[in-house]
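Biologist: Please take a close look at one part of this protein, a sheet, and then work outwards from it. I would like a connected account rather than a list.

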Amino acid sequence: MDIRFYNSLTHRLEPFSALQPPDVYVYNCGPTVYDYATLGNFRSFLFADLLRRTLELAGYTVHQVMNITDVGHMTEDTLADGGGEDKMELAARRLKEAKKSGQAPVEDPNNPFQIADYYAQVFLEDARQLGLKIAFDDARQRPRATQYIPQMQALIQRLLDTGHAYRAADGTVYYSVESFPAYGQLSGNTLDKLRGGAGGRVLDEHQAQKRHPADFLLWKTDATHLMRWDSPWGQGYPGWHIECSAMSASVLGREQIDIHTGGEDNIFPHHECEIAQSCGATGKPFFARYWLHARFLMVEGEKMSKSKGNFFTARQLFAQGIDPKVIRYELLKGHYRSNLNFTRKGLEDSARAVQRLRELDAKLKAAVPASAAPPAVDLTHPVLADFSAALADDLNIAGALGVLFAWLGQPLPDPALARAILQRIDSVLDVLNAAPVETATGLSEEQAAEKARQLDQARADKNFAAADALRKELSEAGYEVRSTRDGTTVHRKLI
């Protein structure tokens, strides 16, 4: 596969080459665990999953890390220095109010570590339902910021030693953007623009000590913060940006990596600051060779907003009985560099596509003897060659799906070969296997199949009232019921 990606750093499509093939080192900006992850969050995370699976399809060994932020991410994160309050403290205040009405999901809302534990576990559960491979990896591949405070402090000291950072009068440590001439290359911001713009706005009297308005926080001295640690510069907590630089180097074991991803809102200031920190500390010409960013998710043509009533978390949709793999398909089917419009109609279309693929897989499986060894198939097969070529073109998933469904419209005379091709394609799509979700009544698929047999017996006995009652029970339990001369089959409704 001759892969090429749009590199946000150079602002052009570039052929991909790994630093040390066949290994590829990838860092993804993950969730801040102060609340439930939204569909917009998962759009970015699923794009990273598609990237990984495409590289693996091409034969690479992918070393993927996705961080979990549980301290230091401020509410005004569009500013280089951050502002407002730590999102974990915001969660603590919110959950204190919820506890008054008995609705807090944690025992002690005053304990931000407990809050982070809860939302990190919820994120992991949701990510597994949606098929993110990183969610099944060793926990070390999902580092939490609070576990890497010593590494962050060591990196900050390194920046102080190299002259890229300085201490303010109150002990707070800042990165000097003027010490790094390439600052702004990723985002297009210049220091002149930032001097008077929002990106470098002075936020409080402490930050007025900065040498340049765009200098950003590495370590905040604050003895009142709920989450704080001792440091050579006083008790406090790390800045959001330093966390990813430290965790990437620590977990991937490299000062330079192949690919860094995130949502487009991470470009500035977060990723711009990561580059400055990492390159400033190492003296290397780059931190990540390729920077890939997913664009925003819209809902019914509008930006997600709680006030508009179009704000959804993944688990809210799970609770509505929507198959997680349908949500996966819907969030993947649009190109990552285009805004994706999440709609009910789109979700219904995705459900039909997933159902079609699952029914075909079941049909092919039934036509192949269980003892038969699957035929060998690789990317030289015309279908897989075209499918992989589309993905190799900057993850052109629409083109890849076009190849898939054009193939499905043709006769498939060899069921074993067809299933082997479909399974290889599903190593990227991951929609054939349903996520283990409960139906509204808790009726398992095995129980539903037994009800279907009872329904057929009732029909054979001409007990149509009993057959209708069983059909209704299955439908209310979230199953689609189909009766033909060959018998009754049940399929869990996908939406």
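**The parallel sheet and its surroundings**

Modeller: In this predicted model, strand β9, residues 257-263, is joined to β10 by 6 bridges, and the two run in the parallel sense. One pair can be picked out by eye: G262 lies opposite H293 of β10. The two strands belong to an open sheet of 4 strands, whose order is β4-β3-β9-β10 and whose pairing is parallel. The edges are taken by β4 (61-66) and β10 (288-294); each has a single partner strand, so one side of each has no neighbour in the sheet. From one strand to the next the twist averages 20°. As background for reading any such sheet, side chains in a regular strand alternate between its two faces.

Next come the helices, beginning with α7, which covers residues 267-282. Its axis and that of helix α4 (residues 149-161) come within 9 Å and cross at roughly 65°. An angle from 65 to 115 degrees counts as roughly perpendicular, and α4 and α7 are therefore placed in that class. Their crossing is left-handed. On the α4 side the contact is made by L155, R158 and L159, and on the α7 side by Q277, G280, A281 and T282. By class, these residues are 3 nonpolar, 3 polar and 1 charged.

A second helix pair can be set beside that one. Helix α2 (residues 87-100) and helix α3 (residues 112-129) have axes that come within 9 Å and cross at roughly 90°. These two helices are therefore also described as roughly perpendicular to each other. Here α2 contributes M88, A91, A92, R94 and L95 to the contact, while α3 contributes P112, I115, A116 and Y119. The make-up of this contact is 8 nonpolar residues, no polar ones and 1 charged.

There is also an open sheet of 3 strands, in the order β12-β11-β13, and its pairing is mixed. Its edge strands are β12 (302-303) and β13 (340-342), each of which pairs on one side only. Strand β11, residues 297-299, runs antiparallel to β12 and is joined to it by 2 bridges. Within that pairing, M298 stands opposite K303 of β12. Helix α9 (residues 324-332) packs on this sheet and touches β11 and β13; the direction of α9 makes about 145° with that of β13.

Towards the start of the numbering, strand β1 (residues 4-7) and strand β2 (residues 12-15) run antiparallel and are joined by 4 bridges. Y6 has L13 in β2 as its bridge partner. The two strands form a hairpin with 4 residues between them, and H11 in the turn has a positive phi of about 60°.

To place these parts in the whole, the protein has 15 helices and 15 strands. Its radius of gyration is 26 Å, close to the 23 Å that the globule rule gives for 495 residues, so the protein is as compact as a globular protein of that length. Along the principal axes, its C-alpha trace spans about 90 × 60 × 40 Å.

Technical notes: Residues are numbered from 1 along each chain as its sequence is written. This is a predicted model: local features need pLDDT of at least 70, side-chain atom pairs count only at pLDDT 80 or more; totals for chains, interfaces and linings use all residues. Side-chain values use heavy atoms; hydrogens and water are left out. Two strands pair if DSSP finds at least two bridges between them. Axes are lines fitted to C-alpha atoms, for helices over the stretch in contact, and angles run from 0 to 180 degrees between N-to-C directions. Angles under 35 degrees count as roughly parallel, over 145 as roughly antiparallel, 65 to 115 as roughly perpendicular and the rest as oblique. A crossing is left-handed if the near helix is turned anticlockwise from the far one by less than a right angle, and right-handed if clockwise. Contact means heavy atoms within 4.5 Å. Ala, Val, Leu, Ile, Met, Phe, Trp, Tyr, Cys and Pro count as nonpolar, Asp, Glu, Lys and Arg as charged, and the others, Gly among them, as polar. The radius of gyration is taken over C-alpha atoms; the globule rule is 2.2 Å times the number of residues to the power 0.38.
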